[in-house]
Amino acid sequence: MPQDSFARAGAYRSHLSRAQLGKGWTGPLGLVRVRDGRVHTRRRAAWIARTALTRAIAGGFARPLPNKFGRGDMPQDNSQLPTPNSQLPTPNSHSPILPFSHSPEFQSMLYLTNQFSTAVFSSLFAVLFMTGFAIAEEPAAWAANPDLVKKLSAKRSFNYDESKVPDYELPDPLTMNDGTKVSSAGQWMTKRRPELLEQFRNLVYGRRPDTAYQVTFETTAEIENAFEGLATGRGMKAIITVDQRTYTFPFVVFTPNHTTGKTPAVVAINNRYFIPLEKAVSESDPYWPVKTLLQQGYAAATFYTSHVDPDNKNDYADGIRAFFANGNPPSDDAWRSLSAWGWGASRVLDYLSTLPSIDANRVAVVGHSRGGKAAIWAAAEDERFAIAYSNNSGCGGAALSRRGYGETVKQITTVFPHWFTPQFASYADREHELPIDQHEAIALVAPRAVYVTSSDEDLWADPRGEYASLVAAAPVFELLGKTAIDEPTMPPLDGQRIVGQTGYHVRSGGHGLGQVDWDFFVKFMESVWR
């Protein structure tokens, strides 16, 4: 670069660091920077905006833009502008700071802006001034409350500190076990997806039995005009038959009475309690707001997990798993309770598919906490489910196991050994060695839709790990021709993010499923189906 260019660059750099730049112009604004020996204007609009607004208020748009450095009005034609070779005096203690307006680039910019922007800025900034410059700031991304982190960390010896999350590398869902890259939808559906399913069956949820069985249904109760005629409610019983043996479990179904066309449906895996037909009609329950769903045009069904397989490590003999095994103990790769609950959701879907009013191609499966884990696996195993909604599901559900945040593989498999295979428990304290992680369970649902939610105070379920898992599944959705959330920054608290086939929100409050969550989920269903 020529020496005089360095001198000019140095002079402008010197001016930017000085307060003598003039009234209303200070260095921190970063209006000018030097790159490759040339002066480049930056945030020019900020200065122009202030100048134009000031002149609009003063009624001075009839005059040329004033020179901010006290050298009079702008020249009236380009012949009067300084040339690029103009000599710039060197500032010293006996001379004023070199006028910034000697820059030909800046003089040209001001002159042309004056000619073009008079009418535009007079109206634009007058409006902004009258409205008080009401520019809303984007809400901050969610982050764990430091006080809550400190409180929980003092109570329990589990990690709630984001800075202590270990470095990890997620397995690539689009790489086969032999290292082959998956590059087409067909390759995913016929090779990689079956491979991943087998890995999750073997290492996490267990393999469902291939025993032949029949399922039939019996109506045990009916209310034709439930909710002032809004819907018909039915108490149902699923009857599973193997040879001469039977196993039954109850469920409840509501179908809208006054919709046109076939109705989408939502199957809720209830891990808390059973809601009988009469109670569902007489008592509002935000955990399963059936009336809200009906008013939005959805059929609604629910069953209680322990009616399918008891949620107790000591009650194996009383559940569907023991029924299929004819009382024999489970093998290491046999299905565990989470898989059994997902299987129960599929049997409810079997019934819904028999109803002429139900659109069997638009059925969602929903679960909270352990039910949310089951919901993801239900949709992975049964491709008839069009949407999986996993609420606050944490470890073994939507959250990444490798993060070691909140509930861990060691903790969950120790307290709830009946949920997972022994192989999953063997990865306690060495989650980084797992050949799979939960983002791949979400990917197994693609190209169908997945909705994941977290709660602000539910750090045990690792909200950041749940969101990161959803994002890490995006490449599979994209390979299959669908859009999905791929933004790594979390949305703000109580904000919802929907992109194509995936959605997410993090809600105020603690571990739970309530009306706010359902309202967000209904919005997601609307975006996917309508």
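**A mixed ten-strand sheet and its surroundings**

In this predicted model, 10 strands line up as an open sheet with mixed pairing, in the order E3-E4-E5-E7-E6-E8-E9-E10-E12-E11. Strand E3 (214-225) sits at one edge and strand E11 (496-499) at the other, each pairing on one side only. Direction ignored, neighbouring strands of this sheet are turned by 15° against each other on average.

Start at the E4 end of things. Strand E4 (residues 231-242) and strand E5 (residues 245-256) run antiparallel and are joined by 12 bridges. Within that pairing, Gly233 has Phe254 of E5 as its bridge partner. Just two residues come between the strands of this hairpin, and Asp243 there takes a positive phi near 55°. E5 also pairs with strand E7 (residues 299-304), again in the antiparallel sense, this time over three bridges. Here Val252 stands opposite Thr302 in E7.

Thr302 is worth a stop along the way. This strand E7 residue has a relative accessibility of 2%, so it counts as buried, the cut-off being under 20%. A polar atom of its side chain lies 3.0 Å from the backbone oxygen of Ala268. Ala268 also turns up among the contacts of Thr302 beyond four places in sequence, together with Phe251, Val252, Asn270 and Trp288. Val252 thus appears twice in the story of Thr302, as the residue standing opposite in the E5–E7 pairing and as a contact.

Further along the sheet, the pairing of strand E8 (residues 358-368) with strand E9 (residues 387-391) is parallel and comes to five bridges. One facing pair in this stretch is Val365 and Ala388, the latter in E9. Helix H16 (residues 463-472) packs on the sheet, where it touches strand E10 (449-455), E11 and strand E12 (502-507). The direction of H16 makes about 165° with that of E10. Helix H18 (residues 515-529) lies across a longer list of strands, namely strand E6 (263-270), E8, E9, E10, E11 and E12. Relative to E9, H18 runs at about 160°.

Helix H11 (residues 337-352) gives a handy check on helix geometry. At 1.5 Å a residue, its 16 residues should span 22 Å, and the end C-alpha atoms are 23 Å apart, which agrees. As for its setting, 16 of the 16 residues of H11 are buried, so the helix is largely enclosed by the rest of the structure.

Stepping back to the whole chain, there are 18 helices and 12 strands. Of the 530 residues, 52% count as buried. Contacts reach far along the sequence too: among those between residues at least 6 apart, 69% join residues at least 24 apart.

Confidence varies along the chain. The mean pLDDT is 83, with 74% of residues at 70 or more. Residues 1-54 stay under 50 in pLDDT, and the model has 82 contacts for them beyond four places in sequence. Another such stretch is residues 88-98, where pLDDT also stays under 50 and the model has 13 contacts beyond four places in sequence. Where pLDDT is low, the predicted coordinates should not be read in detail.

Notes: Residues are numbered from 1 along each chain as its sequence is written. This is a predicted model: local features need pLDDT of at least 70, side-chain atom pairs count only at pLDDT 80 or more; totals for chains, interfaces and linings use all residues. Side-chain values use heavy atoms; hydrogens and water are left out. Helices (H or I, at least four residues) and strands (E, at least two) are DSSP runs, numbered from the N terminus. The expected span of a helix is 1.5 Å times one less than its number of residues. Buried means under 20% relative accessible area, exposed over 50%, partly exposed in between (1.4 Å probe, protein chains only). Two strands pair if DSSP finds at least two bridges between them. Axes are lines fitted to C-alpha atoms, for helices over the stretch in contact, and angles run from 0 to 180 degrees between N-to-C directions. Contact means heavy atoms within 4.5 Å. pLDDT is the predictor's confidence in each residue, from 0 to 100. A polar contact is a pair of N or O atoms within 3.5 Å; within protein, one must be able to donate a hydrogen and the other to accept it, and residues adjacent in sequence count only if both atoms are side-chain atoms.
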